[in-house]
Amino acid sequence: MRQAGRYLPEFLKAKEGKDFFDVCRTPELCCELTLQPIRRYALDAAIIFSDILVIPQAMGLDVEMKPGKGPSFPNPLKSPEEIDTRLTIPNVHEKLGYVFQAITLTRHKLEGKVPLIGFSGAPWTLMAYMVEGEGTKTWSRSKAWLYKYPEDSHRLLKMITTSIISYLKAQVNAGAQLLQVFDSWAGELSPDQFSTFCLPYLRQIASEIKAAFPEIPLIVFAKGANESIVNISTLGYDVLGLDWGISPKVARDLVRNTNVSLQGNLDPAALFGDRDSIRREVRKMLNGFGTRKLIANLGHGLIPEHNPEHVGWFIDAIHEISEEINSGKSQ
């Protein structure tokens, strides 16, 4: 989860003085930032350095990354009428070619050491930013659209979904070997609203990507939507990402009769503990999930306050403890 980032001193040095989205539009720099965690840690995959908000940019909205604040849309969508007047379904090769160049370059630089993951934001999460204009505590503007303008909300979500599918297909053609869809704000919706405004579009993405590339594994991460895990497991994704709001054993029991693997789900705050504490938390997580059909991971992204050494302890603990469990030596 968010391998490259401000917790790494080499990341800060490479990005120093540069605008965030200028970095995203520079394939050589994106490649370098993607490779930094792979050089430092014994990771099993790399995830391309980019941002979920390149899709709204490609559709016609301005997005800025404000230091200390996060993403900001100077002029977000104010009414459904603006869907037609301000947005287009982009030609992703023209608008987002820099992402595909970064993926191809990174695949070559990885030299087969680990697979490369591409990704996109999910339709609802991108809509939430496009209407809200920034991250908020309540997401009241974007959620209001779902109740006040349900048909227009679906129309917007369909446009975003079409754009995402083209974007993800192009990532595969550029060299991505796995794809992940991040629905970061899924947990802001009620289960009914999630079923209405998230599930159909997540299903469409999986269906169309699998039709085009049946061999490409798909991961979906709907943060906070733990009540909907059973429904999410039927969407056609190979892996279901989990946050730390559900116990590993409960999650495993919910998908036990499916072919879905799980990813997650240690609370990132656990990495503020000492080495022994981190190992205890990893052991509990792995004992709960079991080591089969699992991508051991955090339940969300790393943050600038994390100590790189502690991240290494976490990764080493996963390898060492899973080997103990698999060999039958675990206590």
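Helices here are DSSP runs of H or I at least four residues long, numbered from the N terminus. Keep that in mind as we walk through this model, which is a predicted one.

Let's start with helix 8, which covers residues 123–132. Buried means under 20% relative accessible area, and ten of the ten residues of helix 8 meet that mark, so the helix is largely enclosed by the rest of the structure. Its buried residues include Pro123, Trp124, Tyr129 and, at the far end of the run, Glu132. Just after helix 8 comes glycine 133, with a positive phi of about 95 degrees.

Now for some empty space. The second largest pocket has a volume of about 700 Å³. Its lining takes in 32 residues, and those nearest the centre are Leu43, Asp44, Ile295, Ala296 and Asn297. Which elements each supply at least two residues of that lining? They are strand 5 (178–183), strand 9 (294–298) and helix 16 (308–327). Helix 16 gives the largest share, seven residues. As for chemistry, 22 of the lining residues are nonpolar, eight are polar and two are charged.

Finally, take a look at the outside. Val230, Val250 and Leu254 make a nonpolar surface patch of about 220 Å². Valine 250 sits in helix 14, residues 248–254. Is Valine 250 buried, partly exposed or exposed? Its relative accessible area is 43%, and partly exposed covers the range between under 20% and over 50%, so Valine 250 counts as partly exposed.

Conventions: Residues numbered from 1 in each chain as written. Predicted model: local features only at pLDDT ≥ 70, side-chain atom pairs only at ≥ 80, totals over all residues. Heavy atoms only, no water. 1 Å grid on protein atoms, 1.4 Å probe; cavity = no way out; pocket = protein on both sides within 12 Å on 5 of 7 lines; lining within 4 Å. Points joined across faces, edges and corners; volume = space filled by probe spheres on them. Nonpolar A, V, L, I, M, F, W, Y, C, P; charged D, E, K, R; others polar. Patch = residues over 30% accessible without salt bridge, like charges linked within 9 Å, V, L, I, M, F, W, Y side chains within 5 Å. Areas by Shrake-Rupley, 256 points an atom, 1.4 Å probe, with all protein chains shown as cover. Salt bridge = Lys/Arg side-chain N within 4 Å of Asp/Glu carboxyl O. Buried < 20%, exposed > 50% of the residue type's maximum accessible area, 1.4 Å probe, protein only.
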